[in-house]
Amino acid sequence: MINKRFWKNKRVLITGHTGFKGGWLSIWMKILGAKISGYSLNPLTKKNFFKSTKIKKIFIKDFRKNIKDYKKLEECIEKTKPEIIFHLAAQPQVLESFAKPLDTIYTNVIGTSNLLEIIKKHKFIKSVVIITTDKVYQNNEKKIKFSENDHLGGDDLYSASKACADIISQSYYKSFFKNSGCGIATARAGNCIGGGDWTKFRILTDATEAFLENKKLNIRSPYSTRPWQHLLEPLYGYIILAQKIFGNRNKKYSSSWNFGPARQTNIKVIDFAQILRTKMNSKSKLILNKKIDKREKQNLDLDSRKANKELGWKSFLTINDTLKFTAEWYIANSKKKNMYDFTCNQIEQFLKLRNDL
């Protein structure tokens with residue numbers, strides 16, 4: 001379980017704090033009483049979670065710099081002196097990696113290496129969680145559940161870059177941190193969804209925009225299966241993991257971890273769109289593009305038994321719960337509700353469902 005007393009006044013740095021997952025994690029850290037700083041570029045889209053929730057005020061320091069900039073990142077860490085770092089800054093998309101291959105590599109591989117090299121210099125850092133992706137595994141479309149011991153790889157540059165970041169993080173730990181007072185772990189999650197994600201090329205972005213206006217929705221790869229999960233589920237895992245590796249007292253936790261959804265939430269894109277349309281009370285018509293986009297894998301599934309056994313973490317939200325939370329967020333935002341308070345309330349609802357208040 002999350003230890004509220006542990007987080008009180010902890011100095012936390014979140015890279016990628018202006019992004020979707022980074023923003024939700026920042027609010028959760030604020031709820032827990034942590035002193036939060038952020039390091040990231042400005043939000044990538046005009047509509048974004050950071051702006052919708054007006055969370056700039058919750059950060060002690062808000063650095064708008066590139067993770068590729070070693071000197072600026074080092075200045076940030078020296079000024080904020082974080083005890084705990086969550087690393088989420090990344091180029092996060094498969095399709096974008098085809099358009100910007102070098103930027104993907106520099107951001108995801110060199111950016112992560114920059115962070116680890118700087119961390120190596122500072123003993124005040126006690127816990128580092130590197131968030132990668134479920135796409136780090138070499139996926140040959142055999143419809144298997146990937147465990148932490150399966151081979152890493154990537155046929156597209158996004159997947160390859162995140163696999164590299166994962167391997168480099170583990171190598172840094174074994175080479176420089178194993179006997180130190182800093183724990184380092186990598187975390188791999190499924191297709192995270194939730195309120196406030198307007199990232200391009202994503203079905204959630206296209207669907208919510210269409211459903212709110214009752215417009216047609218064109219669905220790319222409608223019969224692909226994805227491991228959908230509400231982002232609060234893996235974020236809960238990241239928070240527990242940061243507690244466990246703090247000070248590197250128990251070295252078994254400084255390793256790689258899957259935080260995937262229960263298999264029953266692995267549904268086809270078309271089914272996802274139909275359920276979300278119902279949750280949003282939309283009359284939109286679904287247009288199916290039957291041509292398969294071979295740049296993205298069609299099947300992906302994670303084995304999270306290690307996190308269940310060692311961390312007491314388990315995915316429990318059904319796909320209906322997940323899409324209900326998500327639909328309600330976008331509907332509230334369209335009605336110009338106070339989205340910071342609404343987001344806090346959704347975190348509280350999640351914890352109540354998990355019996356962790």
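A salt bridge here is a side-chain nitrogen of Lys or Arg within 4 Å of a carboxyl oxygen of Asp or Glu. By that rule, this structure holds 17 salt bridges. Keep in mind as we go that the model is predicted. We'll come back to some of those charged pairs, but let's start with the sheets.

Look for the open sheet of seven strands, whose order is 3-2-1-4-5-6-10 and whose pairing is parallel. At its edges stand strand 3 (61–64) and strand 10 (256–259); each has a single partner strand, so one side of each is left without a neighbour in the sheet. On average, neighbouring strands in this sheet are turned by 15 degrees against each other, if you ignore direction.

Now zoom in on strand 1, residues 11–15. How many of its five residues are buried? Four of them are, so to speak, under cover, and the strand counts as mostly covered. Strand 1 runs parallel to strand 2 (residues 35–40), and five bridges join the two. If you want a landmark in this pair, find Leu13, which stands opposite Ser37 in strand 2.

A bit further along the sheet, strand 4 (residues 84–87) pairs with strand 5 (residues 127–131), again in the parallel sense, this time over four bridges. Here the landmark is Phe86, with Val129 of strand 5 standing opposite.

What lies across this part of the sheet? Helix 7 (residues 157–177) does: it lies across strand 5, strand 6 (183–189) and strand 10. Against strand 6, helix 7 runs at about 160 degrees.

Next, move on to another open sheet, made of three strands in the order 7-9-11, with mixed pairing. Its edge strands are strand 7 (191–193) and strand 11 (266–268), and each of these pairs on one side only. Neighbouring strands in this sheet are turned by 50 degrees against each other on average, direction ignored. Strand 7 and strand 9 (residues 225–230) run parallel and are joined by three bridges; in this pair Asn191 stands opposite Trp228 in strand 9. Helix 10 (residues 269–279) packs on the sheet and touches strand 7, strand 9 and strand 11. Compared with the direction of strand 11, helix 10 points at about 90 degrees.

There's also a strand pair to visit: strand 8 (residues 217–220) and strand 12 (residues 286–289), which run parallel with four bridges between them. Asn218 is the residue to find here, since it stands opposite Ile287 in strand 12. Strand 8 has alternating side chains. Which of them are buried? Leu217 and Ile219, which point to one face, are buried, while Asn218 and Arg220 point to the other face and are not.

Back to those salt bridges. Side chains of opposite charge can pair when their charged atoms come close. Take Glu75 and Lys72, whose closest N and O atoms are 4.0 Å apart. Why do these two sit about one turn from each other? Both belong to helix 4 (residues 70–80), and because they are three residues apart there, about one helical turn separates them. Glu75 is partly exposed, with a relative accessible area of 35%, and Lys72 is partly exposed too, at 31%.

Glu96 and Lys100 make another salt bridge, with 3.5 Å between their closest N and O atoms. Are these two buried or partly exposed? Glu96 counts as buried, at 9% relative accessibility, whereas Lys100 is partly exposed, with a relative accessible area of 44%.

Then there's the salt bridge where the side chains of Lys120 and Glu117 meet, at 3.2 Å from N to O. Lys120 counts as partly exposed at 33% relative accessibility, and Glu117 is also partly exposed, at 24%. Salt bridges can link up as well: Lys56, Asp62 and Arg64 are joined in a network of them.

Finish on the surface, with something uncharged. Leu102, Tyr106 and Ile110 form a nonpolar patch there, and together they have about 290 Å² of accessible area. Ile110 is found in helix 6 (residues 101–119) and is partly exposed, with a relative accessible area of 37%.

How values were computed. Residues numbered from 1 in each chain as written. Predicted model: local features only at pLDDT ≥ 70, side-chain atom pairs only at ≥ 80, totals over all residues. Heavy atoms only, no water. Axes fitted to C-alpha atoms, helices over the stretch in contact; angles between N-to-C directions. Contact = heavy atoms within 4.5 Å. Buried < 20%, exposed > 50% of the residue type's maximum accessible area, 1.4 Å probe, protein only. Patch = residues over 30% accessible without salt bridge, like charges linked within 9 Å, V, L, I, M, F, W, Y side chains within 5 Å. Areas by Shrake-Rupley, 256 points an atom, 1.4 Å probe, with all protein chains shown as cover.
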